[in-house]
Amino acid sequence: MFGYVTVNRPELKVKELELYRSYYCGLCAELHKRYGRKGQLLLSYDCTFLLLLLTGTYEPQESEVMRRCIVHPAIVHRETSNRFTEYAADMNVLLAWLKAVDDWRDEKKQSAKLLAMLLRKDYLKIREKYPRQEKAVRENIQALHAEEKRHEALARKQAASKRQTAGETTSGMPDGAKVADILARIDETAGYTGRFLGELCVVSDDLWAEDLRGTGFYLGKFIYLIDAYDDMEEDRKTGNYNILLELQQAIPESFENYVKDILLDTAACCCRMFERLPIVKDVELIRNILYSGIWVRFHQIRSGEEKGKKAPAFCDNIYR
């Protein structure tokens, strides 16, 4: 869905990269099996991580096959799958459908409308099979959409008020109460993504449910924040609401440090919840993602790379 939850390839051992590829390819094959070519086009690193997380927690029986695929026909590769591969594929499609509906409603993207139409029947089956997860994603995306629209309207009202009082002088110093309010709203809006991703990480009400939910919650918040950080320049040009633009306007001198500190705190909370899980299998691969991989795009942004440099969702670069 977002593409930020990926590996830091230079830090991986060869066997760890091969293992990651095998789960990624297994998920791709499952999407093709269940949803056809359109399902493969939705393949995401985020749901590959979900598969790795659940596999590490529960260590299910696995199957492996060696084959070629249409994307990499010259390479015979390994595909690893287990009972959570089907679940990750369904969650991949669920997220894609609800995101497409939201994009169509919000921005009237014709591509989003077409995707939503293509996935509707699949979505209805997933909703019936996983009502808790579907409800969590749908309600939190809708709540996030409503919150952003409310603040867009408020921002326009404040801008109009400033134009009317343009002749008045101000100290130019950041208002502590205003900054605190913005930080509270950042936490609130990021929490919507956190809540639905937390629910996707829980497959059963057992001993590990709360730790899985917590890992997903903080990871979801991190994804929202890094996505907002990534979108800042584009949103500045288009006028789309981005709460980090508010924070930057309030504290321009210390903005970058604030964002880094927020992201560090969120990632640390995620890792603390993760380390409570009984994961031994492939734990170093998952740690590579949570401790390093999720920061790859942040450092790319800091170095001035364009948003298009972000990892693609299909025909990816893991075989380069």
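Visitor: In which loop is Asp-282 found?

Guide: Welcome! This is a predicted model, and Asp-282 is one of its residues with a positive phi, about 60°, although it is not a glycine. Follow the chain to the place where one helix has ended and another is about to begin: Asp-282 is found in the loop between helix H11 (255–275) and helix H12 (283–291).

Visitor: Which residue in the loop between helix H3 and strand E1 has a positive phi?

Guide: Most residues other than glycine have a negative phi. In the loop between helix H3 (45–58) and strand E1 (63–67) sits a residue that is not a glycine and yet has a phi near 45°. That residue is Glu-59.

Visitor: Why does Glu-59 count as partly exposed?

Guide: A residue is buried under 20% relative accessible area and exposed over 50%, with partly exposed in between. Glu-59 falls in that middle range because its relative accessible area is 45%.

Visitor: How many helices and strands are there in the chain?

Guide: The chain has 320 residues, and 50% of them count as buried. Its accessible surface comes to about 16200 Å², with 52% of that belonging to carbon and sulfur atoms. As for the elements you asked about, the count is 13 helices and two strands.

Visitor: Is Phe-255 buried or exposed?

Guide: Phe-255 is found in helix H11. Being buried takes a relative accessible area under 20%. Phe-255 has 1% relative accessibility, so it counts as buried.

Visitor: Which residues is Phe-255 in contact with, leaving aside its neighbours within four places in sequence?

Guide: A contact needs heavy atoms within 4.5 Å. For comparison by C-alpha atoms, Phe-255 and Leu-245 are 9.6 Å apart in space and 10 residues apart in sequence. With neighbours within four places left aside, the contacts of Phe-255 are Tyr-229, Met-232, Leu-244, Leu-247 and Gln-248.

Visitor: Which residues touch the most other members of the largest nonpolar core?

Guide: This core has 92 residues, and helix H4 (residues 83–107) gives the most to it, with 12 residues. One of the two residues you are after has contacts including Phe-255, Val-259 and Ile-301, leaving aside neighbours within four places in sequence; that one is Tyr-229. Together, the pair touching the most other members is Leu-219 and Tyr-229.

Visitor: What share of contacts between residues at least 6 apart in sequence join residues at least 24 apart?

Guide: Here we look at the whole chain and leave out pairs that are not at least 6 apart in sequence. Among the contacts that remain, the share joining residues at least 24 apart is 75%.

Notes:
Residues numbered from 1 in each chain as written. Predicted model: local features only at pLDDT ≥ 70, side-chain atom pairs only at ≥ 80, totals over all residues. Heavy atoms only, no water. Helix = DSSP H or I, 4+ residues; strand = E, 2+ residues; numbered from the N terminus. Buried < 20%, exposed > 50% of the residue type's maximum accessible area, 1.4 Å probe, protein only. Areas by Shrake-Rupley, 256 points an atom, 1.4 Å probe, with all protein chains shown as cover. Core = buried A, V, L, I, M, F, W, Y, C linked by side-chain atoms within 4.5 Å.
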